[in-house]
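Biologist: I'm new to this one. Can you walk me through the model?
Modeller: Sure, here is the sequence with the structure.

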Number of protein chains: 2
Amino acid sequence: MNNNKVADEIRVLAFDVFGTIVDWHQSIAREVRAMSLDVDPDKFALAWRAGYQPAMQRVASGELGWTLIDDLHRMILDDILKQFSVTHLSEYQKRHLNKVWHRLDAWPDSVAGLSRLKSRYTICTLSNGNIGLLTDMAKRAGLPWDCILSAEVFRKYKPDPATYLGVARVFDLAPDQVMLVAAHQSDLDHARAVGLKTAYIERPYEFGPSQRKDISASPQNTFHAENIIGLANILGC
Amino acid sequence: MNNNKVADEIRVLAFDVFGTIVDWHQSIAREVRAMSLDVDPDKFALAWRAGYQPAMQRVASGELGWTLIDDLHRMILDDILKQFSVTHLSEYQKRHLNKVWHRLDAWPDSVAGLSRLKSRYTICTLSNGNIGLLTDMAKRAGLPWDCILSAEVFRKYKPDPATYLGVARVFDLAPDQVMLVAAHQSDLDHARAVGLKTAYIERPYEFGPSQRKDISASPQNTFHAENIIGLANILGC
């Protein structure tokens with residue numbers, strides 16, 4: 001099937017957000033630097049993000065009840081502040097720092113690419129971030145979502161099938177009329193397993209400028225694009 | 001307290017949609033007329049809308065499990081097609097007609113007013129309409145929501161307190177930092193009862209040009225505005 005035919009079948013593009021649309025690493029490092037915390041900003045950002053999957057796993061396993069990412073981020077933050085021996089922050093400062101995840105900067109191509117894709121498709125988030133976080137982020141960064149979908153809507157975290165299939169259900173579509181767009185092969189693998197189309201976005205410096213991640217193409221994805229503008233080019237938007 | 005002080009306290013404006021932001025009566029009458037159904041378009045629109053509260057009541061009472069508005073609209077449509085002796089529609093035509101609720105036109109002031117309010121506040125829907133319906137409507141009518149919240153997110157229909165308080169919870173705010181904006185005093189009464197601020201919007205011809213509804217001010221509301229542009233004026237946006 002050629003690209004035009006496939007592009008015609010798709011009705012909704014659902015986007016992973018952290019890493020795919022916004023640059024969490026540089027945004028967190030920037031704020032940590034601005035607060036003059038006596039820590040390595042790169043390592044601090046990486047440690048915070050590294051706590052994310054295990055924290056969600058505690059929810060998925062039932063060890064924790066349903067918990068928003070804002071609250072999981074705070075639990076991880078309290079741990080890493082200890083780990084990095086940061087002891088002088090007030091409760092107000094900790095609350096403010098925790099909301100850095102609401103203030104992540106978009107990659108330079110995201111707003112322009114999304115705006116083009118929006119002219120042809122319904123574009124929504126499908127993120128484990130909570131609705132308030134994603135809304136604050138979109139407002140600050142100018143991300144032109146038609147709709148904000150989140151694990152919070154489905155009360156399951158990705159990669160639970162209820163999240164991917166939930167997008168199709170919300171829009172009364174078949175799974176293959178929805179395409180997940182993400183910079184993470186594992187997220188795409190889980191979406192594909194329940195029938196969604198998938199597009200991989202290269203974000204070689206997701207983990208910071210000092211380490212380049214593997215961005216090799218997987219033949220299993222429907223599309224592979226350098227960035228969101230590249231995806232708009234492929235889809236003829 | 002003066003208007004400026006109150007306006008400063010508010011962080012999120014949550015909008016009722018059917019009747020408040022969009023003109024369901026004229027939009028439905030228009031499509032019914034275009035389909036050349038042999039019915040009075042005004043009476044047909046009113047009958048469809050009149051089935052709405054009783055249908056939601058069947059969900060609230062537990063008689064029906066959780067059911068999306070799209071599906072409730074279809075149940076009501078099947079009833080009124082019988083009632084109006086319309087027997088010739090195909091399944092495809094019925095499905096298309098049912099989605100007229102996704103294609104409602106905005107009142108003439110809505111887009112301009114919301115755009116101004118968005119510059120100062122987070123603006124979201126708080127509607128019993130499902131997420132897909134509200135997203136399709138916003139895309140077609142150009143409604144610039146920051147976020148689409150729906151009974152579907154909370155799995156309760158307004159006026160359940162979980163919906164009004166749900167908006168505050170999503171944005172990590174106190175109830176009085178949220179204002180419900182609606183053309184229906186009853187909706188506002190329920191929101192006020194759990195601590196939200198309230199703004200009444202006059203929509204004298206919500207039920208069609210041939211019947212004017214009571215739009216008198218209630219002193220219990222925080223604000224009373226002629227329309228959404230009027231609300232933007234009051235809030236200094």
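Biologist: Which residue of chain B comes closest to the rotation axis?
Modeller: Val153(B), with its C-alpha at 2.7 Å. This is a predicted model, where local features need pLDDT of at least 70, side-chain atom pairs count only at pLDDT 80 or more, and totals for chains, interfaces and linings use all residues. Residues are numbered from 1 along each chain as its sequence is written, and chains are lettered from A and ligands numbered from 1 in the order in which they are written.

Biologist: What rotation superposes chain B on chain A?
Modeller: One of 180 degrees, with 0.0 Å of shift along its axis and an RMSD of 0.0 Å. The two copies are thus related as by a two-fold rotation axis. The fit is by least squares on the C-alpha atoms of residues with pLDDT of at least 70 in both copies.

Biologist: And how many residues does each chain bring to the contact?
Modeller: Chain B brings 13 residues and chain A brings 13 residues. Contact here means C-beta atoms, placed from the backbone, within 7 Å. The same surface serves both copies, as 100% of the contact residues of chain B recur in chain A.

Biologist: Which element of chain B gives the most to that side?
Modeller: α8(B), with five residues. Both α8 (131-141) and β3 (147-150) of chain B supply at least two residues each. Helices (H or I, at least four residues) and strands (E, at least two) are DSSP runs, numbered from the N terminus.

Biologist: What classes of residue are on that side of chain B?
Modeller: Seven nonpolar, three polar and three charged. Ala, Val, Leu, Ile, Met, Phe, Trp, Tyr, Cys and Pro count as nonpolar, Asp, Glu, Lys and Arg as charged, and the others, Gly among them, as polar.

Biologist: New topic. What domains does chain A have?
Modeller: Domain 1 covers 3-23 + 105-234, and domain 2 covers 25-102. The bounds come from an automatic or database domain assignment. Taken over C-alpha atoms, the centres of the two domains of chain A are 24 Å apart.

Biologist: How many residues of each are in contact?
Modeller: 16 residues of domain 1 of chain A meet 14 residues of domain 2 of chain A. On the domain 1 side, helix α8 (residues 131-141) of chain A gives the largest share, three residues. By class, that side has five nonpolar, five polar and six charged residues.

Technical notes. Contact = placed C-beta atoms within 7 Å.
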